[in-house]
Amino acid sequence: MTAQTREERLAALREARVVLVSACLLGEACRYDGKSKGSSRVMQALEGKEVVPVCPETGAGLGIPRPAVELRGGTGEAVLAGRAQAVVVSTGEDRTAAFRYGAELALTAAQRFGATVAVLKERSPSCGTQGTQVDGVVVPGRGITAALLHSAGITVLSDEEL
Ligand code: SF4
């Protein structure tokens, strides 16, 4: 798959009728710390579109609040390939299965509602599109949900790119 430029991804968003969106960007208090990340920039970009809100982590049954998780050993693509894990930062507990399940739920929602573009929260281990936390530092690359959506041909954009 050829990498799209930011301009191409923004053009895809402008043309999209249905958009998958990280629920925390819409004001849902579903983050690990029990807060939201409501964004007026995101709301403006979604004007006139059908919106499919998803939170892969709460969808997978992880509670609110929940312990912070980071990827260990690689970005979302490596997790999907079985070469990296999602673990609780404080304890090292493995959350990979739940994170993968949440990613699959998001992809199912995108396909069911015909979303061709996803606007996702940057730097999350699930939703990060340009950067995600791996082994204690933010590295370029996607989180698990963003990686799965991208591999299915959905254009993924970060809230920070709008
Ligand atoms: S970044 Fe993604 S997984 Fe995290 S709270 Fe927002 S929607 Fe849920």
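**Close-ups of the ligand, its pocket and T145**

**View 1. The ligand sits in the largest pocket.** Keep in mind that this is a predicted model. Around the ligand there are 14 residues. C24, C30, C55, E57 and C127 are the closest of these. Sort that shell by class and you get seven nonpolar, three polar and four charged residues.

**View 2. Here is the largest pocket, with about 480 Å³ of space in it.** Two elements give two or more residues to its lining: α3 (56-59) and β3 (69-72). In total, 26 residues line the largest pocket. If you want to find its centre, look for R31, Y32, R123, S124 and P125, the lining residues that lie nearest to it. The class split of the lining runs to 14 nonpolar, four polar and eight charged residues. As for how such spaces are found, rolling a probe the size of a water molecule over the atoms shows where empty space is left.

**View 3. Now for T145, a residue of helix α6.** That helix covers residues 144-151. Is T145 buried or exposed? Its relative accessibility is just 1%, and buried means under 20%, so T145 counts as buried.

**View 4. This one shows what T145 touches.** Leaving out residues up to four places away in sequence, T145 is in contact with P56, G102, A103, A106 and S126. One of these partners, P56, falls at the start of the range given for α3 (56-59), while T145 itself belongs to α6.

Technical notes:
Residues numbered from 1 in each chain as written. Predicted model: local features only at pLDDT ≥ 70, side-chain atom pairs only at ≥ 80, totals over all residues. Heavy atoms only, no water. Near = heavy atom within 4 Å. 1 Å grid on protein atoms, 1.4 Å probe; cavity = no way out; pocket = protein on both sides within 12 Å on 5 of 7 lines; lining within 4 Å. Sits in = over half its atoms within 2 Å of the grid points. Nonpolar A, V, L, I, M, F, W, Y, C, P; charged D, E, K, R; others polar. Helix = DSSP H or I, 4+ residues; strand = E, 2+ residues; numbered from the N terminus. Buried < 20%, exposed > 50% of the residue type's maximum accessible area, 1.4 Å probe, protein only. Contact = heavy atoms within 4.5 Å. Points joined across faces, edges and corners; volume = space filled by probe spheres on them.
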